[in-house]
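Visitor: Before we discuss any labels, could you show me the model and then take me through the reasoning behind them?

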Amino acid sequence: MSPWNLLALPPLPEELIRRLLAPLGDRVDVRVPAARDRDALLAALPEAEIVLGDWTSTLVLDAGAVAAASRLAFVQQPSVGVDGHDLDALAAAGVPLANTPGVSAVAVSEWCLAATLSLSRKLAAADAAVRAGEWPQQGLQPHELRGRRVGVVGYGPIGVSCAEMFRALGCHVTFWTRTPREDPAFEDLETLVSAGDVVVVVIALSDETRDLIDPTRMKQGALLVNAARGGVVNQQALVSALRDGHLGGAALDVFDVEPLPAGDPLRDLPNVLLSPHVAGVTPEATGRLLTATLANLTAAVEGREVDAVLNGVSPVVRRKFTQSPST
């Protein structure tokens, strides 16, 4: 059988992509777009049978891209998020899309805990004060986490890991997810948001979850930690709640626009911890991601079931053409 045409979209040098995919051997013919733009993507898609997705969401398979990919049989997204891909269009075309759930759960949940501790203990403010020659032992008013009420929005692998870590510190942890659970820790979203001392957001972005969290409805002095996507939290309301002192602080690894633009009001607020979407970026998480991605790509070309298909299509990847449709 001829090699599968694999179109690789991650923002990495072509040589590195080929080295990472080398375990697939001669079962795939690896290609990359001529440029990192939509025109180059559309030009490359007609021959693509497998697409390895772009975790930055710069190159996405929307409905127009799916229509251009007549030979496409499988999409492997090397991340948990699948922002920008049209799952319905892929399903209608019979193309399964899989992601890599759980690979970054430890990394992201550790970031959420570390960010919460930083906000609660006023670490950034203390560091800045000492560097400026000050010694504010009485003025910072840090708080302990033990006994605090922590609400986790989203209860996939990351949310579960977050709950475990905060409980280990003696926090009272509840969670909310779109599918109600028979679990004493499950709480309705309104109560979780309005009563939590800390609200940790780790739910996927979708039409249902966009602007899900309104920070102005949170408890006075509460902390918001967002490691999901910027669009899950109403950013205008967040800025307002921070400016007027309603929130005690916020830790943000994600934003509506990334990188965070010059002049964004979040840059000028002192009670905000800003992070460049790196909560899940550790060598350990990257290793798990690469392992999961290669395992699924190998299963696809060998005719075995792939894991973590999100759009309801059969997990057995089937080639649409045994040879070029032009021959």
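Guide: In this predicted model, a good place to begin is Val-233, which, leaving aside residues up to four places away in sequence, touches Val-201, Asp-211, Ile-213, Pro-215, Leu-224, Asn-226, Leu-238 and Asp-256. Val-233 sits in the loop that runs between strand S9 (223-226) and helix H9 (235-243).

Visitor: Why is Val-233 called buried?

Guide: The relative accessibility of Val-233 is 2%, and buried is the word for values under 20%, so Val-233 counts as buried.

Visitor: Which residues line the largest cavity, and what makes it count as a cavity?

Guide: The lining consists of Asn-226, Gly-230, Val-233, Gln-235, Leu-238, Leu-252, Val-254, Phe-255 and Leu-266, and these divide into six nonpolar, three polar and no charged residues. The term cavity applies because a 1.4 Å probe fits there but cannot get out. The volume of this largest cavity is about 40 Å³, and a search of the whole structure finds one cavity of 30 Å³ or more.

Visitor: Turning to another loop, what makes Gln-77 buried, and which residues does Gln-77 touch?

Guide: Gln-77, found between strand S4 (74-76) and helix H4 (87-92), has a relative accessible area of 2%; since the limit for buried is under 20%, Gln-77 is buried. Not counting residues up to four places away in sequence, its contacts are Gly-53, Asp-54, Trp-55, Val-82, His-85, Ala-98, Asn-99 and Thr-100.

Visitor: How do you know that the side chain of Gln-77 and the backbone oxygen of Asp-54 form a polar contact?

Guide: A polar atom of the Gln-77 side chain lies 3.2 Å from the backbone oxygen of Asp-54, and the distance criterion for a polar contact is within 3.5 Å, so the pair meets that criterion.

Visitor: How do you know that Cys-162 and Cys-112 are not bonded through their sulfurs?

Guide: The closest cysteine sulfur to that of Cys-162 belongs to Cys-112 and is 4.1 Å away, whereas a disulfide requires sulfur atoms within 2.5 Å; the separation is therefore too far for a bond. Cys-171 is likewise in no disulfide, the nearest cysteine sulfur, that of Cys-162, being 11 Å away. By this rule the count of disulfides comes to zero.

Visitor: Are Cys-162 and Cys-171 buried or exposed?

Guide: Cys-162 has a relative accessibility of 0% and Cys-171 a relative accessible area of 9%; because buried means under 20%, Cys-162 counts as buried, and Cys-171 is buried as well.

Terms used:
Residues are numbered from 1 along each chain as its sequence is written. This is a predicted model: local features need pLDDT of at least 70, side-chain atom pairs count only at pLDDT 80 or more; totals for chains, interfaces and linings use all residues. Side-chain values use heavy atoms; hydrogens and water are left out. Helices (H or I, at least four residues) and strands (E, at least two) are DSSP runs, numbered from the N terminus. Buried means under 20% relative accessible area, exposed over 50%, partly exposed in between (1.4 Å probe, protein chains only). A polar contact is a pair of N or O atoms within 3.5 Å; within protein, one must be able to donate a hydrogen and the other to accept it, and residues adjacent in sequence count only if both atoms are side-chain atoms. Contact means heavy atoms within 4.5 Å. On a 1 Å grid over the protein atoms alone, a cavity is a set of points where a 1.4 Å probe fits but cannot get out, and a pocket is an open set with protein on both sides within 12 Å along at least five of seven lines; lining residues have an atom within 4 Å of a point. Grid points are joined across faces, edges and corners, and a volume is the space filled by probe spheres set on the points. Ala, Val, Leu, Ile, Met, Phe, Trp, Tyr, Cys and Pro count as nonpolar, Asp, Glu, Lys and Arg as charged, and the others, Gly among them, as polar.
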